[in-house]
Amino acid sequence: MQPTVSLAQRKGVVTLLLVLPLFFFVIFQRLPLFTSFTGDNLLTELLQYYTSTLAGLLGVIIALLTRHGLGLSQNGRSVLLTYGFLTLASLLLISSLGVPYLLLTNMLHPAFVWSLFMSIPASSIYFVAAGMRWTAVAEKRLLAWRWPLLGLNLLLFLLYIGFVFRFAAQLAHAAQTAPQLLFLIAVLGVGLLIWAAWRSDQIRKQENNSTERNLAITFILLAQAEIYLTFGAPNSANWLLFQLLLLGALLVTLLPLLRHAIQYQREKRQRSELTQLIVHDLKSPLTIVISGLDLMRRGSMGEINPMQDRLLTNLEHCGDEILGLVNDMLDVERLEEGAMPLHKSMTDLGLILREQVAELQILAHKHQQQLQVFAPEMLPPVLVDPVLLRRVIHNLLANALKLTPDQGHIEVRSAVEGEQLQIIIADSGPGVPAADRQRIFDKFAQLNTKTRRGKGLGLTFCKMAVEVHGGLLTVEDSPLGGALFRLALPLDGVAQSTESHVRPLFYRLIWGK
């Protein structure tokens with residue numbers, strides 16, 4: 001697939017993909033040699049059956065690989081792309097059943113014909129939705145409800161099957177007497193696919209993701225396939241080219257997805273092995289070193305002078321940071337695998353917030369920073385793991401103090417907003433560019449900024465720990481001039497995890513959990 005990717009990077013290739021198939025479309029429509037290319041014979045029907053079946057199976061495989069193959073984190077785009085390819089695959093598989101039905105009954109049921117015509121336009125709706133810019137709250141809701149939405153899509157699919165079989169005669173009559181309806185649906189589908197291709201190309205430029213380019217080419221080829229299917233002359237060579245374009249569109253995306261999915265699994269296994277190596281080989285001796293430094297600093301091994309005390313304090317602090325990184329690596333691994341044990345209880349986060357602010361005031365005074373907390377005395381309790389949330393708040397506060405310059409400001413606020421308890425930590429540091437506000441929570445994200453914000457695993461751990469409680473952690477511009485981290489947790493008394501530990505097998509195949 002690499003040659004295709006490299007060709008797609010050259011100027012004029014996209015134009016060629018648009019113009020060349022349309023050129024053949026006109027040729028095959030007009031020349032007598034191609035207008036009777038196919039006939040009503042068994043070979044044609046079998047070719048239709050095998051092509052639609054193969055395309056449907058390819059669509060299912062692409063849906064299973066969309067998230068990891070595109071290098072996407074679990075976000076709204078990956079969910080909607082999965083829905084789109086599942087819709088395309090389902091309708092193509094239904095249409096392929098028309099051939100056995102035709103051979104058995106010597107008649108072609110309109111339900112199978114409409115499924116073929118509707119497969120590309122219906123899936124284009126999801127592809128367009130995947131290209132839209134979703135707010136953090138809307139995306140969070142989509143992720144939380146993706147399992148019920150998958151069930152809703154299945155229900156709509158079953159209702160569609162019942163509808164086309166129930167009103168088969170009316171649909172057949174409509175296709176014959178009002179072909180403009182099919183043309184209108186096709187034009188709408190083509191327009192949506194062209195927009196989806198443009199958005200994929202924009203995302204490719206922003207994220208430097210080569211697979212998004214292949215996805216854009218897939219959308220263009222699907223749009224052309226719809227033109228061949230709807231506007232092509234019956235029994236012409238355009239029917240054969242429709243099959244080729246359909247398979248080609250899916251293969252253009254499938255092959256790089258397979259390559260990236262295999263690479264993702266290999267890297268995931270290597271990261272897991274590296275994490276276990278670090279945890280087991282570094283954590284124990286590092287703990288011993290920190291304990292030894294603490295004993296020396298306390299004078300258990302003899303008196304020390306002030307200079308030695310400062311040196312030992314700095315060494316102990318550096319050791320604690322390394323130990324924290326090791327713990328973050330272990331906890332992120334557990335959270336990804338759904339193996340992090342949660343010990344939930346009704347917790348007063350306002351008390352934890354004030355404790356952490358008081359603990360870090362010494363560090364703020366050292367750098368002449370103003371660390372202020374604005375929180376009501378009484379906050380409603382939430383059902384969380386207090387140890388985990390204490391670490392999250394500590395990490396966010398420590399991150400703000402580290403990146404705020406001397407004599408800077410850090411403000412901490414908490415309040416109830418609707419059905420959520422929100423904790424806001426704002427600083428006057430360098431801030432986070434809008435283009436990096438999603439990537440900042442990725443593991444070891446390297447941002448296009450001179451700051452150290454986002455590097456490491458601290459923010460990754462914070463986001464995953466909040467989400468496992470059914471909450472949301474986002475970053476935005478701060479009124480103080482830096483970054484503002486907003487932590488929101490549900491107040492319903494039963495904080496639901498966004499990930500269940502037990503899911504059906506096909507659900508875990510689709511979502512990777």
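Colleague: What span should the 18 residues of helix α16 have at 1.5 Å a residue, and how far apart are its end C-alpha atoms?

Modeller: Happy to start there, with the reminder that this is a predicted model. Helix α16 covers residues 386-403, and the expected span is 1.5 Å times one less than the number of residues. For these 18 residues that gives 26 Å, and the model agrees, because the end C-alpha atoms are 26 Å apart.

Colleague: Which residue caps the N-terminal end of α16?

Modeller: Look for a side-chain oxygen that approaches the backbone nitrogen of Val 387. One lies 3.1 Å from that nitrogen, and the residue that supplies it is Asp 385.

Colleague: And where does Gln 407 lie, and is it buried or exposed?

Modeller: Gln 407 lies in the loop between α16 and β4, the strand of residues 409-417. Its phi is near 65°, a positive value in a residue other than glycine. Exposed means over 50% relative accessible area. Gln 407 has 57% relative accessibility, so it counts as exposed.

Colleague: Where is Gln 368, whose phi is near 55°?

Modeller: That phi is a positive value, and Gln 368 is not glycine. As for its place, Gln 368 is found in the loop between α15 (349-366) and β2 (370-374).

Colleague: Let's turn to the rings. How many aromatic pairs does a search of the whole structure find?

Modeller: Ring centres have to lie within 6.5 Å to pair. With that cut-off, the search of the whole structure finds eight.

Colleague: Take Tyr 83 and Tyr 126: what kind of aromatic pair do they form?

Modeller: A pair of aromatic rings is described by the distance of the centres and the angle of the planes. Here the centres are 5.9 Å apart and the planes are at 70°. Planes over 60 degrees apart count as edge-to-face, and the pair of Tyr 83 and Tyr 126 is therefore edge-to-face.

Colleague: How many residues apart in sequence are the parts that this pair ties together?

Modeller: Tyr 83 lies in helix α5 (residues 76-96), while Tyr 126 lies in helix α7 (residues 110-131). The pair therefore ties together parts whose separation in sequence is 43 residues.

Colleague: Is Tyr 83 buried or exposed?

Modeller: The cut-off for buried is under 20% relative accessible area. Tyr 83 has 3% relative accessibility, so it counts as buried.

Colleague: Which helices are tied together by the pair of Phe 112 and Phe 165?

Modeller: Phe 112 and Phe 165 form an edge-to-face pair, 5.9 Å centre to centre with 85° between the planes. The two residues are 53 apart in sequence. Phe 112 lies in one helix and Phe 165 in another, so the pair ties together α7 and α9 (residues 146-166).

Colleague: How do the accessibilities of Phe 112 and Phe 165 class them?

Modeller: Buried means under 20% relative accessible area and exposed over 50%, with partly exposed in between. Phe 112 has a relative accessible area of 9%, so it is buried. Phe 165 is at 37%, so it counts as partly exposed.

Colleague: Which residue lies over the face of Phe 374?

Modeller: The model has Arg 166 over the face of Phe 167, at 5.0 Å from the ring centre. For Phe 374, the distance from the ring centre is 4.3 Å, and the residue is Arg 413.

Colleague: With which side chain does the side chain of Thr 253 make a polar contact?

Modeller: Thr 253 is in helix α13 (residues 237-297) and is buried, with a relative accessible area of 2%. Leaving aside residues up to four places away in sequence, Thr 253 touches Ile 62, Asn 214, Leu 215 and Thr 218. The polar contact, at 2.3 Å, is with the side chain of Thr 218.

Colleague: One last helix: how far does α11 reach from its first C-alpha to its last?

Modeller: Helix α11 (residues 179-207) has 29 residues, and 42 Å is expected at 1.5 Å a residue. Its buried residues include Leu 182, Ile 185 and Arg 199, and just after the helix Asn 208 takes a positive phi of about 55°. The reach in the model is close to the expected value, at 42 Å.

Methods
Residues numbered from 1 in each chain as written. Predicted model: local features only at pLDDT ≥ 70, side-chain atom pairs only at ≥ 80, totals over all residues. Heavy atoms only, no water. Phe/Tyr/Trp six-rings, centres within 6.5 Å; stacked < 30°, edge-to-face > 60°. Helix = DSSP H or I, 4+ residues; strand = E, 2+ residues; numbered from the N terminus. Buried < 20%, exposed > 50% of the residue type's maximum accessible area, 1.4 Å probe, protein only. Lys NZ or Arg CZ within 6 Å of the ring centre and 35° of its normal. Polar contact = N/O pair within 3.5 Å; in protein donor to acceptor, adjacent residues only side chain to side chain. Contact = heavy atoms within 4.5 Å.
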